[in-house]
Amino acid sequence: MNRQIARLALVGVGLLTALIVGTTYWQTWASAGLADRQDNEIQRVAQFSIRRGLIRASDGTILASNRIKTVGGQKLYLRRYPQGSLFSHLVGYSTQSRSRAGLESSLNDYLTGSNSNLGTVLKTTLDKIRGATIKGNDVWLTVKPGAQRVAMQQLEGKCGSVVALDPRTGKVLVMASRPTYNPNLVESKFARINNIRAACRPAAPLLNRATDGLYTPGSTFKVVTSAAALDSGKYTIDSRFVDKGYCIEYGKQVKNFGDQSGPETFGPVDFLQALEHSINAVFCEIGKAIGAGRILGTLYYPGDPATQVDPGRLAFGQERMLTTPEQMAMVAAAVGNKGVIMEPHAVDRIVSPTGGIVTRTRPRKYKRAMTTHTADDLTRMMEAVVTGGTGTAAQIPGIRVAGKTGTAEVGAGGFGSANTTWFIAFAPVGAPKVAIAVVLQDQHGSGGTTAAPIAKAVMQAILAGGSNP
């Protein structure tokens, strides 16, 4: 009898232990994972009883707020976006049926007051005990609504993106992408968003082309090649070349861009002139001389660049490598910031419901991409592009601009069939406050005629409004 009781007691203790361990696991360690699951219906509904924090632009403009809906006597806080589609790709959306996207997703913990900051935890816990409405933290961004509006207007009817950074700090000043969508319609009229018509196929209005769009960089990549060549010590800004209108790569002629039926020829030129006039043949020869590994070493190092990459075509941006507009804005920013890339960030600070600073983003160095001397030489070369080369459409009266055009041939029919056009730049030269990248899809012109004017308009808007570090 005693032995049976002892066995029963052991079984009871085992079951009790399993119960304690199980409940502790699900309530403590697994709770965060369950909360983040998009199919956790209870958690999703519960979060709408929280008054989410506001999302504001750098000037205080409200980009995301709340509207109250009473259901069964309970107040639910649903999102509204006062600026409509202006910042939709950056801010994203928070909905009942389609979960979240953008900063609404990545900063959900802060916006709902469930982040692990001690002050937030204590306040949220006290609110729960008192039965008061839990209030989330407000998020302040670095973006400038005026300049963003100019960028979106300039992109009207096109497929593409504009990204502008403060090269000194990495602050994102503009992040525009078209086609776009109205986040206020995601909950109720999602089919209308998906069926949007645009100048490109697929339209992909939910795609943030600024950070997720991948494009052939074309001649904007010559800035990266130039940095690698100057840093190598094999070339200087005064190095001389003789342009025949083409170079030979793998037994075939690689021609200059200007006239694909008969090569545009410049003859004797120096390195500055080669970038100023965007001479493919010169950069092809430079690429073969220094190799793909050195060029890509500015960004990353491939496993076997000698066999994996065509160095001649890579040097003028027509290889298989793809880039985002944000990355090309970082290239321009690196030159303007004396060779140092700052880590891009769109969040300036997060503020508690009582006004205290929960966290603030500090400028962080991403990497040194080139020497200061190389950056100074590249600045001279890029300024020549704007003053007398392929980028004259980006000239701003009274302000020195350094830039580079790009026209990537991505269509099967050759030049003019379907080009991806670019312009990257920074200004003012000597004390830059803005670095920018513009990309346009499916164009029948060059970067100098299509993308450069857009960059000019956005830079003017930023510089006119000021840009504090």
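Reader: At what angle do H11 and H13 pack, and how far apart are their axes?

Author: In this predicted model, H11 and H13 pack at about 50 degrees, and their axes are 11 Å apart. The two helices are therefore oblique to each other. Their crossing is left-handed.

Reader: Why give an angle and a distance?

Author: Two packed helices are described by the angle between their axes and the distance between the axes.

Reader: Which residues in H11 and H13 meet?

Author: On the H11 side they are Lys-222, Thr-225, Ser-226, Ala-228, Ala-229 and Ser-232. On the H13 side they are Asn-280, Phe-283, Ile-286 and Ile-290. By class, the contact of H11 with H13 has five nonpolar, four polar and one charged residues.

Reader: Staying with H13, where is Glu-285, and what does that residue touch?

Author: Glu-285 is in helix H13, which covers residues 280–290. Not counting residues up to four places away in sequence, Glu-285 touches Cys-247 and Ile-248.

Reader: Is Glu-285 buried or exposed?

Author: Neither. Glu-285 has 35% relative accessibility. The label "partly exposed" runs from 20% to 50%, so Glu-285 counts as partly exposed.

Reader: And how far is Glu-285 from Phe-241?

Author: Their C-alpha atoms are separated by 9.4 Å, and the two residues are 44 apart along the chain.

Reader: Now another pair. How do H8 and H20 cross?

Author: The axes of H8 (residues 145–154) and H20 (residues 452–465) come within 8 Å and cross at roughly 165 degrees. That makes H8 roughly antiparallel to H20, because angles over 145 degrees get that label. H8 passes H20 in a right-handed crossing.

Reader: Which residues make the contact between H8 and H20?

Author: From H8, Ala-147, Val-150, Ala-151 and Gln-154. They meet Pro-453, Ile-454, Ala-457, Val-458, Ala-461 and Ile-462 of H20. By class, that contact has nine nonpolar, one polar and no charged residues.

Reader: The numbers in those helices seem to skip by three or four. Why?

Author: An α-helix has 3.6 residues a turn, so residues three or four places apart point the same way.

Reader: How many residues does H18 have, and how far does that helix reach?

Author: H18 (residues 372–388) has 17 residues and reaches 24 Å from its first C-alpha to its last. That is close to the 24 Å expected at 1.5 Å a residue.

Reader: Which residues in H18 are buried?

Author: Among them are Thr-374, Ala-375, Asp-377, Leu-378 and Thr-379. Met-381, Met-382, Glu-383, Ala-384, Val-385 and Val-386 are buried too.

Reader: What do the buried residues of H18 pack against?

Author: They pack against helices H11 (222–232), H12 (271–276) and H17, and against strands S17 (402–409) and S18. H11 is the helix that also packs with H13.

Reader: Different topic. Where are the cis peptide bonds you can point to?

Author: One runs from Arg-178 to Pro-179, with omega near 0 degrees. Pro-179 is in the loop between strand S8 (172–178) and helix H9 (190–194). Another runs from Ala-427 to Pro-428, with omega near -10 degrees. Pro-428 lies in the loop between strands S18 (419–427) and S19 (434–443).

Reader: Why mention cis bonds at all?

Author: Most residues other than glycine have a negative phi, and most peptide bonds are trans.

Reader: Which residues have a positive phi although they are not glycine?

Author: Ala-204 has a phi of about 45 degrees, and Lys-338 has one of about 60 degrees. Ala-204 is in the loop between H9 and helix H10 (209–212). Lys-338 lies in the loop between helix H17 (325–336) and strand S13 (340–342).

Reader: How accessible are Ala-204 and Lys-338?

Author: Ala-204 is partly exposed, with a relative accessible area of 27%. Lys-338 is partly exposed as well, at 42%.

Reader: What is Arg-56 in contact with?

Author: Arg-56 is in strand S1 (residues 55–56). Leaving aside neighbours within four places in sequence, Arg-56 is in contact with Thr-61, Ile-62, Leu-63, Val-139, Trp-140 and Leu-141. The C-alpha atoms of Arg-56 and Val-139 are separated by 6.2 Å, with the residues 83 apart along the chain.

Reader: And the chain overall, how many helices and strands?

Author: The protein chain has 20 helices and 19 strands. Of its 469 residues, 52% count as buried. Among contacts between residues at least 6 apart in sequence, 67% join residues at least 24 apart.

Technical notes:
Residues are numbered from 1 along each chain as its sequence is written. This is a predicted model: local features need pLDDT of at least 70, side-chain atom pairs count only at pLDDT 80 or more; totals for chains, interfaces and linings use all residues. Side-chain values use heavy atoms; hydrogens and water are left out. Helices (H or I, at least four residues) and strands (E, at least two) are DSSP runs, numbered from the N terminus. Buried means under 20% relative accessible area, exposed over 50%, partly exposed in between (1.4 Å probe, protein chains only). The expected span of a helix is 1.5 Å times one less than its number of residues. Contact means heavy atoms within 4.5 Å. Axes are lines fitted to C-alpha atoms, for helices over the stretch in contact, and angles run from 0 to 180 degrees between N-to-C directions. Angles under 35 degrees count as roughly parallel, over 145 as roughly antiparallel, 65 to 115 as roughly perpendicular and the rest as oblique. A crossing is left-handed if the near helix is turned anticlockwise from the far one by less than a right angle, and right-handed if clockwise. Ala, Val, Leu, Ile, Met, Phe, Trp, Tyr, Cys and Pro count as nonpolar, Asp, Glu, Lys and Arg as charged, and the others, Gly among them, as polar.
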